[in-house]
Amino acid sequence: MPAPTLLEAFENQDELFAPAFAILQEAINQQSFPAASLAVTHEGGLVALKALGSFTYDAGAPSFASFAKGGRDAVNPSTLFDLASLTKAVATTTTAMLLYERGLLDLDAPVSAIIPEFTTDAAKDPRRHEVTLRMLLSHSSGLPAHEKFFLKARTRAELLQAAFTTPLAANPATRADYSDIGFIILGIALERLADESLDLFCQREIFAPLGMTNTTFNPPHEIRARIPPTQDDRTLRKKLIQGEVQDQNATILGGVAAHAGLFSTADDLAKFAQSMLNHGSPILRPETVTLFTRRESAPAGTTRALGWDTPSAPSQSGKYFSSESFGHLGYTGTSLWIDSTRQLSVTLLTNRTWPDCSNQSIRQFRPKFHDAIIDALNRD
């Protein structure tokens, strides 16, 4: 079955979405992020595809204006961005969905059945036997959010060993705490179930069927200069990070990791979102999409679905996305929100971590941007 076709209908975007674009421009002016690329799909049409800003805040940095004049390295709607944790939703969770459909993944199987290393020291903590793949997907495993494994681990094997033996911070299934470590472990479980690396599986089973031709782990060296930089890393790598994954644990893992590492464009993510809005066609079944994107009933108070998040109050999706919506954020300043009720998706890609990770002001602009998009569609 061919990939869903998105009707290009953004010829009037500058007029229709002027307030939303102005919000992003103001964020750029206030140095919340130097570069932004966005895509909006609505009722089967690509109604916005836009780029704003420059690679960095430096005077003379490549911008969309210079691209329009023929500049090679400028921000444009086809510019790749480091998706950071959007990797969890687009690559890792979709892989889990496909393996689930094929009978290779049992959501309630214990992690230790696939990764015995996870319970090597289970005598010290028998709770580890209770952790399931569902808990990793829904961030309810009890594992902590993040550890700076890269400070000690120098190889992929060393980092994975550190992840497999990280002590639980809570009883499994008692609370939802977003965990990079849980997804690192989940990624290894998926690779073992698929008998293939995550990047190769995703390329063949997800990106190629959906026509996501600009989506990849580890972008080729020849195009890295055309990707906005994400960090001036003075600690681990001691260089400007451009076209390489910003996440330092993912770096030690070779750039291919379940929690971070994917690069893509707003246009490609619009294609992915449209597949989800088309009930998974052509790669997934409708019932699988429903299962993975609806909010989990436990633990109490969770907003998490399986691999996805859902709107809460207040939400980075703004105030209009319906209760049937699902989405995800990325640390570098990326986001994707999908609303099946409105037949709407909004992709926003930025490099807000440039030159360092201290600026969090995107959190004020992003909900306003989403609200302005829906306000414009309601007026139209």
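Aspartate 268 forms a salt bridge with lysine 271, and the closest N and O atoms of the pair are 3.9 Å apart. This distance comes from a predicted model, in which 17 salt bridges are found in total. The points below take up that pair, further charged pairs, an aspartate that is buried without a salt bridge, and the helix α2, which spans residues 18-29.

**The pair in helix α10**

- Aspartate 268 and lysine 271 are 3 residues apart in helix α10 (residues 266-277), which means that about one helical turn separates them.
- The two partners differ in their surroundings, since aspartate 268 counts as buried at 1% relative accessibility, whereas lysine 271, at 25%, counts as partly exposed.

**Other salt bridges**

- Arginine 175 is joined to aspartate 177 by a salt bridge whose closest N and O atoms lie 2.4 Å apart; arginine 175 is partly exposed with a relative accessible area of 41%, and aspartate 177 is likewise partly exposed at 32%.
- Glutamate 196 and arginine 204 meet through their side chains in a salt bridge of 2.7 Å, taken from N to O, with glutamate 196 partly exposed at 21% relative accessibility and arginine 204 partly exposed at 43%.
- Glutamate 196 and arginine 204 also belong to a network of salt bridges that links them with Arg102 and Glu205.

**Aspartate 82, buried without a salt bridge**

- Aspartate 82, which lies in strand β4 (residues 81-82), is buried yet has no salt bridge, the nearest side chain of opposite charge being that of arginine 237 at 7.3 Å.
- The side chain of aspartate 82 does reach a backbone partner, namely the nitrogen of alanine 84, at 2.9 Å.
- Leaving aside residues up to four places away in sequence, aspartate 82 touches Thr230, Glu244, Val245, Gln246, Leu262, Phe263, Thr332 and Thr334.

**Helix α2 and its buried side**

- Helix α2 has 12 residues and reaches 16 Å from its first C-alpha to its last, close to the 16 Å expected at 1.5 Å a residue.
- The residues Ala20, Phe21, Ile23, Leu24, Ala27 and Ile28 of α2 are buried, and because they cover an arc of only 150° around the axis, they fall on the same side of the helix.
- These buried residues pack against the helices α1 (13-16) and α12 (362-379), and also against the strands β2 (35-42), β3 (45-53) and β11 (344-350).
- Just after α2, glutamine 31 adopts a positive phi of about 60°.

Key: Residues numbered from 1 in each chain as written. Predicted model: local features only at pLDDT ≥ 70, side-chain atom pairs only at ≥ 80, totals over all residues. Heavy atoms only, no water. Helix = DSSP H or I, 4+ residues; strand = E, 2+ residues; numbered from the N terminus. Expected span 1.5 Å × (residues − 1). Buried < 20%, exposed > 50% of the residue type's maximum accessible area, 1.4 Å probe, protein only. Arc of directions from axis to C-beta. Contact = heavy atoms within 4.5 Å. Lys, Arg positive; Asp, Glu negative; His and termini not counted. Salt bridge = Lys/Arg side-chain N within 4 Å of Asp/Glu carboxyl O. Polar contact = N/O pair within 3.5 Å; in protein donor to acceptor, adjacent residues only side chain to side chain.
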